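Hi,

Here is the structure I promised to pass on to you. Please have a look at it first, and then read on for what turned up in it.

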Amino acid sequence: MRILIAEDDEVLSDGLCRSMRQTGYAVDCVRDGLSANTILSGEQPFDLVILDLGLPKVDGFTVLKGLREKNRQVPVIILTARDAEEDRVKGLDLGADDYMIKPFSLPELEARVRALIRRGQCGVNPVYSCGTLTYDSVGRRAAIDGETLDLTTRELSVLEALMSRIGWVISKEQLLERLYSYSEEASSNAIEVYIHRLRKKIEPAGVTIRTIRGLGYIIDRVNSAHD
Ligand code: CA
C-alpha cells in the first residue's frame with residue numbers, strides 16, 4: 001500500500017510519515033501543492049492521499065480538483081485546520097472521501113485510512129489463503145492454521161504482494177515499489193533477505209516461495225484438506 005502525505009507542517013508531516021511507515025505503508029511526503037500535483041501525475045499509483053488544504057504554491061482544493069478532473073479515483077482524506085462548514089462541504093463536493101479537522105487523533109486517522117483502503121478493495125476478498133496460510137490485507141495479519149505469524153512490516157508487505165497474486169510471478173521491481181517510497185534508499189538485496197526470512201516463517205504451512213530466475217518470485221496454489 002502506498003500513501004502520499006501532502007502537508008507543509010514539518011512536525012506533523014514527519015510524525016504522520018513515521019507512524020504510517022511503522023504500519024507498513026510505503027509513504028511519500030510532499031510539502032507543497034505543486035509537488036503534490038507532480039507526484040500525483042506520475043506513473044506510480046497511490047492507494048491513498050492525505051491532503052492538507054493550506055499548502056504553499058497550490059492549495060489543497062486545487063490539487064484535489066485537478067486529481068478528480070483527471071479521473072483519478074484514489075481515496076483522499078483532507079486534513080485541515082479549517083473547520084468551517086463551507087470548507088468541509090467544498091472539500092467533499094470536490095471529491096474528497098473523508099475530512100479531518102486539526103488537531104486530530106492519530107488512532108482515528110489511522111482507522112479512517114484503514115476504512116478507506118478497505119472500501120477501495122470492495123468486491124475483493126481481503127483475506128487470501130494458500131493451504132493453511134492466510135493473509136488478512138485489512139488487518140495486516142498473516143496466520144498458519146489461525147496462529148498469527150510474527151512478521152515484520154516489510155515481511156508482511158512482501159507476503160501481501162505474493163498472496164494477493166497467488167500463481168503469478170511478482171518481480172523484484174514490483175516488490176521494491178510496494179515496499180519503498182521515492183525518498184527511501186531501496187536495494188534489491190534487501191528483498192532477497194525478506195524472501196529468505198519469509199520462506200522460513202511460512203514453511204510450516206507447506207507453502208513455498210519459488211524464485212523464477214530473472215523474473216521474480218511466485219507462490220503457487222496448493223491443494224490441501226482445507227480448500
Ligand atoms: Ca498547511
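**Cavities, domains and the calcium site**

The second largest cavity holds about 30 Å³ of space. Please keep in mind throughout that this is a predicted model. Around the second largest cavity you will find R21, G24, T153, R154, S157 and L179. By type, that lining has one nonpolar, three polar and two charged residues. Helix α6 gives the largest share of the lining, with three residues.

The search of the whole structure found two cavities of 30 Å³ or more. The largest cavity has about 60 Å³ of space, and its lining is made up of M1, Y25, R114, I117, S137, V138 and R140. Four of these lining residues are nonpolar, one is polar and two are charged. Which parts of the protein supply the lining of the largest cavity? Domain 1 (2–120) and domain 2 (127–226) each contribute at least three residues to it.

**The two domains**

That brings me to the domains themselves. The assignment splits the protein into domain 1, residues 2–120, and domain 2, residues 127–226. Their centres, taken over C-alpha atoms, are separated by 28 Å. Where the domains meet, 13 residues of domain 1 are in contact with 12 residues of domain 2.

**Helix α6 and E160**

Back to α6, since it deserves a paragraph of its own. Why can this helix be called largely enclosed by the rest of the structure? Nine of its 11 residues are buried, so the surrounding structure largely encloses α6. The buried residues are E155, L156, S157, V158, L159, E160, A161, L162 and M163. S157 also belongs to the lining of the second largest cavity.

E160 sits in α6, which spans residues 153–163. Its relative accessible area is 4%, so E160 counts as buried. Beyond its neighbours within four places in sequence, E160 is in contact with M1, Y135, S137, R140 and R178. Among the residues lining the largest cavity are M1, S137 and R140, so you will meet these names twice when you look around E160.

**The calcium ion**

Which residues coordinate the calcium ion? They are D8 (OD), D52 (OD) and G54 (O), at 2.1 to 2.4 Å. Along the chain, the donors follow the spacing D-x43-D-x1-G. The D8 and D52 pair links distant parts of the chain: D8 is in the loop between β1 (2–6) and α1 (10–23), while D52 is in strand β3 (residues 48–52), 44 residues away.

Are these two aspartates buried or exposed? D8 has a relative accessible area of 33%, so it is partly exposed. D52 is at 3% relative accessibility and therefore counts as buried.

**Strands β4 and β5**

I78 belongs to strand β4 (residues 76–80). With a relative accessible area of 0%, I78 is buried. Not counting residues up to four places away in sequence, I78 touches L51, L53, L64, G91, A96, D98, Y99 and M100. One of these partners, M100, is 22 residues from I78 along the chain, and the C-alpha atoms of the two are separated by 6.0 Å.

D98, another of the residues that I78 touches, is found in strand β5 (residues 98–101). How does D98 come to count as buried? Its relative accessibility is 18%, and the cut-off for buried is under 20%, so D98 falls on the buried side. Leaving aside neighbours within four places in sequence, the contacts of D98 are V76, I77, I78, L92, R112 and L116.

**Helix α8**

The last stop is I191, in helix α8 (residues 188–202). I191 is buried, with a relative accessible area of 0%. Its contacts, apart from neighbours within four places in sequence, are K172, L175, L176, L179 and Y217. L176 is 15 residues from I191 in sequence and 7.4 Å from it in space, C-alpha to C-alpha. L179, also in contact with I191, is one of the residues lining the second largest cavity, which takes us back to where this email began.

Best wishes

Notes:
Residues are numbered from 1 along each chain as its sequence is written. This is a predicted model: local features need pLDDT of at least 70, side-chain atom pairs count only at pLDDT 80 or more; totals for chains, interfaces and linings use all residues. Side-chain values use heavy atoms; hydrogens and water are left out. Helices (H or I, at least four residues) and strands (E, at least two) are DSSP runs, numbered from the N terminus. Buried means under 20% relative accessible area, exposed over 50%, partly exposed in between (1.4 Å probe, protein chains only). Contact means heavy atoms within 4.5 Å. Donors are N, O and S atoms within 2.8 Å of the metal (3.2 Å for Na, K and Ca); water is not among the atoms, so sites may look incomplete. On a 1 Å grid over the protein atoms alone, a cavity is a set of points where a 1.4 Å probe fits but cannot get out, and a pocket is an open set with protein on both sides within 12 Å along at least five of seven lines; lining residues have an atom within 4 Å of a point. Grid points are joined across faces, edges and corners, and a volume is the space filled by probe spheres set on the points. Ala, Val, Leu, Ile, Met, Phe, Trp, Tyr, Cys and Pro count as nonpolar, Asp, Glu, Lys and Arg as charged, and the others, Gly among them, as polar. Domain bounds come from an automatic or database domain assignment.
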